[in-house]
Amino acid sequence: MDNLSNSDDYDLGYQPSVSSVDQNDLSTSETPGRSTMSGSPFAYCRTNSEASAFSEPIDGNSFSSEPSPSPWPVAKSRSLNRLPMKPHRQVVHDKLDDHESTDLELEMMKERFAKLLLGEDMSGGGKGVCTAVTISNSITNLYATVFGQNLRLEPLSPEKKALWKREMDCLLSVCDYIVEFSPTLKDLDDGTTVEMMASTARSDIYINLPALQKLDMMLIEIMDSFEDTEFWYAKQGSMSGKSVRSGSFRRVSQRKEDKWWLPVPCVPPGGLSEKARKHLQHKRDCANQIHKAAMAINSTILAEMEIPESFVATLPKSGKSCLGESIYRYMCTGDKFSPEHLLDCLNITSEHEALELADRVEASMYTWRRKACMSHSKSSWDLVKDLMADSDRSDKNHVLAERAESLLFCLKQRYPELSQTTLDTSKIQYNRDVGQAILESYSRVLEGLAFNIVAWIEDVLYVDRT
């Protein structure tokens, strides 16, 4: 018992995890590219404990309950005699709780590590998804666990913030071992210079991962800046005391009517102060720039992913039949092509229509690119981008492919909340590159978080204007 009480000076290195609260109940994906893991996202707590959790440190102040065999009398400690038993039992109880939390954390780590190795196939038959898809699903599920229930402008709880940092550090640590070899010159001690291969971080990870981590930190700082605010939230349709007093309900038509569960921002009767309004506008602009940066990184990573053969097999034989007569005629006529004017003429009224048009435009674009490369001797689909650089710029198929690409870009810019296209989903589903999977999923969840922050700020500013 005394040894247990003396072990308070030793830190086990583990903190109680909140990841066991609600991770197993989450399902975050509706597309194959965003399929979720069968369990909670992968988590592992790396510690730097210098003492074993099962060792019993001994110092000069510890006393044995057995009589000493020495003929010399043993002096009893007065402080030990005055120590009441109730606090002593409490210390032992706390240490037992620490051991239980440590065992729970260890079991959770084993479970998630097993799911990562098994590829979410708990039968062990080797029918699970590849490592790249598993890590992508883990990042998606972790984002849903931490930010899925956050529907308002407020700081993250310390538990969720620690969970996000701990598990993302673990998942991103894989990138530390993704390297590429390049020849370098090294001077030996005798003065001779030899050429040897040196390992460096892969170029796409070296460039994009630090940028994404910086964007991640900036988004957390934006949310932390809304701790003390002049606005508050009321549930949709509720008539709380504050909401009745302020009389500042937003109109439901400002955002999608079907999302009735979203909380409604409320402001004082006189509106927000000038300082609060400028703070909201500044954070909105910052989040908007972060959203654009994350979307650009995500688009770049998706463009570098290999196009699955399953998607190539489903490409239409004619881009005209895929797009339709009216859109094809507009893209063929005139030397100047305005995708913005074309989108205005189409009068898209729903996200479903925009996503359907994006799939058709993307399929037509790759159909025309493949036709433009038919005249080359190299017909491998992997060399399409290289062949397009050598193709005739005046070729009709090449011009139509470029115009379809610009139309697709404007469509995604006009509808930033648009879901992933069929090609993007196929790329994520069949991707085997672990580095690209981490960069794509990380940029995708940051893009979604930045978009949500901008939408939340716009809601508050709308209420303030009305």
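Two residues are in contact here when heavy atoms of theirs lie within 4.5 Å. With that term in hand, the tour may begin at Phe231 in this predicted model.

**First stop: Phe231 and the largest core**

Select Phe231 and display its surroundings. Neighbours within four places in sequence aside, Phe231 is in contact with Leu153, Phe226, Cys266, Val267, Leu272, Leu280 and Val460. Phe231 belongs to the largest nonpolar core, a set of 53 residues. Together with Phe147, Leu153, Trp164, Leu280, Tyr442 and Ile453, Phe231 is among the members that touch the most others. Now colour the helices that contribute: H4, H5 (158-172), H6, H8 and H17 each supply at least two residues of this core. H17 gives the largest share, 14 residues. In soluble globular proteins, nonpolar side chains tend to be buried together. Another core lies apart from this one; its 31 residues include Ile327, Leu343, Leu411 and Tyr415.

**Second stop: the whole chain**

Zoom out to see the entire protein. The fold contains 17 helices and four strands. The protein has 466 residues, of which 39% count as buried. Among contacts with a separation of 6 or more, 76% join residues 24 or more positions apart. The protein exposes about 26,900 Å², and carbon and sulfur atoms supply 53% of that area.

**Third stop: helix H8**

Select residues 274-304, which form helix H8. The helix has 31 residues and reaches 45 Å from its first C-alpha to its last, close to the 45 Å expected at 1.5 Å a residue. Next, show the side chains that H8 buries: Ala276, Leu280, Lys283, Ala287, Ile290, His291, Ala294, Met295, Ile297, Asn298, Ile301 and Leu302. Which helices do these buried residues pack against? They pack against H6 (203-224), H15 (396-414), H16 (422-430) and H17 (434-465).

**Fourth stop: helices H6 and H15**

Move to H6, one of the helices against which H8 packs. H6 has 22 residues and reaches 33 Å from its first C-alpha to its last, close to the 32 Å expected at 1.5 Å a residue. Its buried residues are Asp204, Ile205, Asn208, Leu209, Leu212, Leu215, Asp216, Leu219, Ile220, Ile222 and Met223. The cover over these residues includes H4, H5, H8 and H17.

Continue to H15, another partner of H8. H15 has 19 residues and reaches 27 Å between its first and last C-alpha, close to the 27 Å expected at 1.5 Å a residue. In H15, the residues His398, Leu400, Ala401, Arg403, Ala404, Leu407, Leu408, Cys410 and Leu411 are buried. Of these, Leu411 has already appeared as a member of the core of 31 residues.

**Fifth stop: aromatic rings**

Display the aromatic side chains. The protein holds seven aromatic pairs. One of them joins Tyr143 and Phe147, a tilted pair at 5.3 Å centre to centre, with 35 degrees between the planes. Both residues lie in helix H4 (residues 131-147), four residues apart, about one turn of the helix. Are Tyr143 and Phe147 buried or exposed? Tyr143 counts as buried because its relative accessible area is 16%, below the 20% limit. Phe147 is also buried, with a relative accessible area of 5%. Add Trp164 to the selection, and ring pairs link Tyr143, Phe147 and Trp164 into a cluster.

A ring with a charged neighbour is found at Tyr366: Arg369 lies over the face of this ring, at 5.4 Å from the ring centre.

**Sixth stop: three single residues**

Select Ser157, in the loop between H4 and H5. Ser157 counts as partly exposed, at 27% relative accessibility. Add Asp224, 67 residues apart from Ser157 along the chain; the two C-alpha atoms are separated by 9.7 Å.

Select Asn347 next, in the loop between H12 (339-346) and H13 (351-372). Asn347 is not a glycine, yet it has a positive phi of about 55 degrees. Its relative accessible area is 54%, so Asn347 is exposed.

Finish at Val194, in strand E2 (residues 193-201). Val194 is partly exposed, at 30% relative accessibility. Residues up to four places away in sequence aside, Val194 touches Thr184, Leu185, Lys186 and Leu188. The C-alpha atoms of Val194 and Thr184 are separated by 8.4 Å, with the two residues 10 apart along the chain.

How values were computed
Residues numbered from 1 in each chain as written. Predicted model: local features only at pLDDT ≥ 70, side-chain atom pairs only at ≥ 80, totals over all residues. Heavy atoms only, no water. Expected span 1.5 Å × (residues − 1). Buried < 20%, exposed > 50% of the residue type's maximum accessible area, 1.4 Å probe, protein only. Phe/Tyr/Trp six-rings, centres within 6.5 Å; stacked < 30°, edge-to-face > 60°. Lys NZ or Arg CZ within 6 Å of the ring centre and 35° of its normal. Core = buried A, V, L, I, M, F, W, Y, C linked by side-chain atoms within 4.5 Å. Areas by Shrake-Rupley, 256 points an atom, 1.4 Å probe, with all protein chains shown as cover.
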